[in-house]
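Here are some notes for a colleague opening this entry without prior acquaintance. They take up the ligand and its surroundings, and then turn to a sheet.

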Amino acid sequence: MSGIIACYNQNLIPLDELKVSITDRAFFFGDAVYEVLRVYRGKPFLLENHHSRLSNSLRAMDINGVTDLREDIVTNIALNQVDEGMVYLQISRGEAPRNHSFHNLSLKPNILIYTKPFIEHPSATEGALGIAAITHEDLRWGRCDIKSTNLLANCLIQTYAQQRGSAEAILIRQGLVTEGTSSNIFMVKNGQVCTPPLSPNILPGTRREFVIRQFLQQGQQVFERPISKDELYTADEIFITSSIKEAVAVIKLDYQPVGNGQVSSQAKLARTLIEDAASRLSRD
Ligand SMILES: Cc1ncc(COP(=O)(O)O)c(C=O)c1O
């Protein structure tokens with residue numbers, strides 16, 4: 001038993017006992033949006049960024065009538081007494097007999113929030129040692145900027161990578177890097193830090209934005225520009241970012257060392273900047 005108390009449509013229920021209807025469109029169609037936030041020192045990190053991305057996802061999916069959930073997130077963290085952990089939040093379009101087309105007027109979104117504690121720091125080892133990644137064709141749809149629970153291609157490709165000893169796959173669409181299966185990508189080449197520009201082909205990652213902003217504050221420019229697969233092979237450094245992984249160096253790409261094959265300096269800097277910001281959150 002996890003002991004986690006979930007908030008489902010404003011009702012508090014032990015996560016392990018929570019039951020949802022199979023007529024929920026999330027079950028039939030993956031018709032839902034979600035967010036994953038990191039909790040440091042009992043506080044949600046980058047809450048405003050997650051909130052605005054969630055609003056954008058809801059708008060893009062035409063899921064309506066969802067109230068502001070920021071307070072519910074904070075409340076659920078406190079309720080579960082989580083100091084270090086993550087919040088999972090999901091909003092499905094609602095329940096209806098199975099039919100591809102939907103009629104929003106008769107649908108009420110189902111809202112799930114729960115907070116999970118971390119026993120160990122989830123990216124400490126990968127952060128210290130780096131990871132291997134492979135490249136893979138981006139098999140996803142044309143609206144990857146929406147954080148939808150419909151993640152089949154991401155799941156298949158990440159599993160494919162992990163079965164081959166790589167922690168992540170870097171996705172390539174028409175010869176250009178988009179992102180990882182659950183992360184954004186940065187590349188350093190001749191001292192220039194680069195990351196693919198925002199487009200419908202990538203998720204606007206909250207850590208991506210945070211790292212760009214923090215690097216700029218350090219006087220380090222970040223170029224948001226297309227990166228080709230060929231260029232990626234010549235990178236001096238590559239690193240990935242996400243709420244859970246934070247910032248992790250890619251030290252091997254397609255089984256070949258990246259740069260000198262060591263954890264790169266810019267990945268270390270990104271991690272330090274995140275750690276500093278997290279440590280400034282106050283516990284009260
Ligand atoms: C496909 C994809 N891209 C990027 C990210 C990184 O987003 P964030 O930094 O907001 O966690 C994620 C996070 O899960 C993701 O699934």
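1. How many Å separate a polar side-chain atom of Arg53 from an oxygen atom of the ligand? The distance is 2.8 Å, and, as with every value in this note, it should be read with the reminder that the model is predicted.

2. Two further approaches to oxygen atoms of the ligand deserve a look, and they involve different parts of the residues concerned. In Arg207 a polar backbone atom lies 3.0 Å from an oxygen atom of the ligand, while in Lys147 an N or O atom of the side chain is 3.4 Å from an oxygen atom of the ligand. As for how far the ligand is covered, it would expose 390 Å² if taken alone, and the protein buries 92% of that area.

3. The space that the ligand takes up is the largest pocket. Three elements each give two or more residues to the shell around the ligand, namely strand β9 (176–180), helix α6 (206–217) and strand β13 (237–242).

4. The surroundings of the ligand consist of 17 residues, of which Arg53, Glu179, Thr206, Arg207 and Ser243 are the closest. Sorted by class, the shell holds 11 polar residues, five charged residues and one nonpolar residue.

5. Turning to the sheet, a reader may wish to trace its six strands, which form an open sheet in the order β2-β1-β6-β5-β3-β4 with antiparallel pairing. Its edges are formed by β2 (11–14) and β4 (43–44), each of which pairs on one side only.

6. The pairing of β1 with β2 can be followed residue by residue at one end of that order. Strand β1 (residues 5–8) runs antiparallel to β2 and is joined to it by four bridges; among the partners, Ala6 is matched with Ile13 in β2, and Tyr8 is matched with Asn11 in β2.

7. Which residue in the turn between β1 and β2 has a positive phi? That residue is Asn9, with a phi of about 50°, and the hairpin formed by β1 and β2 has two residues between the strands.

Terms used. Residues are numbered from 1 along each chain as its sequence is written. This is a predicted model: local features need pLDDT of at least 70, side-chain atom pairs count only at pLDDT 80 or more; totals for chains, interfaces and linings use all residues. Side-chain values use heavy atoms; hydrogens and water are left out. A residue is near a molecule or strand if one of its heavy atoms lies within 4 Å of it. A polar contact is a pair of N or O atoms within 3.5 Å; within protein, one must be able to donate a hydrogen and the other to accept it, and residues adjacent in sequence count only if both atoms are side-chain atoms. Accessible areas come from the Shrake-Rupley method with a 1.4 Å probe; for residues, only the protein chains shown count as cover. On a 1 Å grid over the protein atoms alone, a cavity is a set of points where a 1.4 Å probe fits but cannot get out, and a pocket is an open set with protein on both sides within 12 Å along at least five of seven lines; lining residues have an atom within 4 Å of a point. A molecule sits in a cavity or pocket if more than half of its atoms lie within 2 Å of its grid points. Ala, Val, Leu, Ile, Met, Phe, Trp, Tyr, Cys and Pro count as nonpolar, Asp, Glu, Lys and Arg as charged, and the others, Gly among them, as polar. Two strands pair if DSSP finds at least two bridges between them.
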